[in-house]
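I opened this notebook to record what I looked up in one structure, entry by entry. I wanted to see how its elements are arranged and which parts are kept from the surface.

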Amino acid sequence: MLIPNLMKSVSALWRPAFATYAIAKSRNAVKVDVVAEVKKLTGGGSHYALETTGVLRVVKQSLNALRSLGTCAIVGITP
């Protein structure tokens with residue numbers, strides 16, 4: 001399981017129990033491309049994504065991080 005680390009509190013809660021990787025949105029003040037990191041770690045994109053924030057930017061990232069024919073479940077409501 002990959003967890004984009006948008007909030008440290010979320011990462012601290014989920015990573016020990018479920019995540020194989022946590023992707024920080026920045027490393028040493030350098031902005032990280034979450035989609036590129038997911039594709040690199042998964043060898044071309046994830047098979048599945050679960051998006052629960054409802055934040056349009058994050059929804060787009062979860063869809064763009066999928067491999068061809070990947071599946072994304074969107075639980076949050078986007079404006």
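**Entry 1: overall picture.** I first fixed my terms: a residue is buried if its relative accessible area is under 20%, exposed if that area is over 50%, and partly exposed in between. With that cut-off, I noted that 28% of the 79 residues of the protein chain count as buried. I keep in mind throughout that this is a predicted model.

I then looked up the secondary structure, which comes to three helices and six strands. Read from the N terminus on, the elements run β-α-β-β-β-α-β-α-β. I also checked the contacts between residues at least 6 apart in sequence, and found that 27% of them join residues at least 24 apart.

**Entry 2: helix H2 and the core.** Which residues make up the largest nonpolar core? I found six, namely Ile-23, Val-32, Val-34, Val-35, Val-38 and Ala-65. The largest share of this core, three residues, comes from helix H2, which spans residues 34–42. As background, I wrote down that in soluble globular proteins nonpolar side chains tend to be buried together.

I next asked which residues of H2 are buried. They are Val-34, Val-35, Glu-37 and Val-38. Seen down the axis of H2, these buried residues fall within an arc of 165°, so they line one face of the helix.

I looked at both ends of H2 as well. At the N-terminal end, Asp-33 acts as a cap, with a side-chain oxygen lying 3.2 Å from the backbone nitrogen of Val-35. After the helix comes Gly-43, for which I noted a positive phi near 75°.

**Entry 3: strand S2.** I turned to Ile-23, a core residue that lies in strand S2. Its relative accessible area is 2%, and therefore Ile-23 counts as buried. Ile-23 and Val-34 are 11 residues apart along the chain, and I read a separation of 6.9 Å between their C-alpha atoms.

Is Tyr-21 buried, exposed or partly exposed? Tyr-21 belongs to strand S2, residues 21–24, and its relative accessible area of 40% makes it partly exposed. For the pair Tyr-21 and Leu-41, which stand 20 residues apart along the chain, I noted 8.7 Å between the C-alpha atoms.

**Entry 4: the unit of S5, H3 and S6.** I then followed strand S5, helix H3 and strand S6, which together make a right-handed β-α-β unit. S5 and S6 pair in the parallel sense over five bridges. I looked up the partner of Glu-51 in S6, and the bridge leads to Ile-74.

In helix H3, residues 56–64, I found Val-58, Val-59 and Ser-62 to be buried. They cover an arc of only 105° around the axis, and so they sit on the same side of H3. I asked what these buried residues pack against, and the elements are S5 and strand S6 (66–74).

I checked Ser-62 on its own. With a relative accessible area of 12%, this residue of H3 is buried. Leaving out residues up to four places away in sequence, Ser-62 touches Ala-49, Glu-51 and Cys-72.

**Entry 5: two residues in the strands of that unit.** What does the side chain of Ser-46 reach? Ser-46 is placed in strand S5, residues 46–51, and its side chain reaches the backbone oxygen of Tyr-48 at 3.3 Å. Because its relative accessibility is 13%, Ser-46 counts as buried. I listed what Ser-46 touches, again not counting residues up to four places away in sequence, and found Val-38, Ala-65, Leu-66, Arg-67 and Gly-70. Among these contacts are Val-38 and Ala-65, which I had already entered as members of the largest nonpolar core.

My last look went to Leu-69, which is found in strand S6. Is Leu-69 buried or exposed? Its relative accessibility is 83%, so Leu-69 counts as exposed. I also wrote down its phi, near 65°, as a positive value in a residue other than glycine.

Terms used
Residues numbered from 1 in each chain as written. Predicted model: local features only at pLDDT ≥ 70, side-chain atom pairs only at ≥ 80, totals over all residues. Heavy atoms only, no water. Helix = DSSP H or I, 4+ residues; strand = E, 2+ residues; numbered from the N terminus. Buried < 20%, exposed > 50% of the residue type's maximum accessible area, 1.4 Å probe, protein only. Polar contact = N/O pair within 3.5 Å; in protein donor to acceptor, adjacent residues only side chain to side chain. Contact = heavy atoms within 4.5 Å. Arc of directions from axis to C-beta. Pairing = 2+ DSSP bridges. Right-handed = clockwise from strand over helix to strand, strands pointing away. Core = buried A, V, L, I, M, F, W, Y, C linked by side-chain atoms within 4.5 Å.
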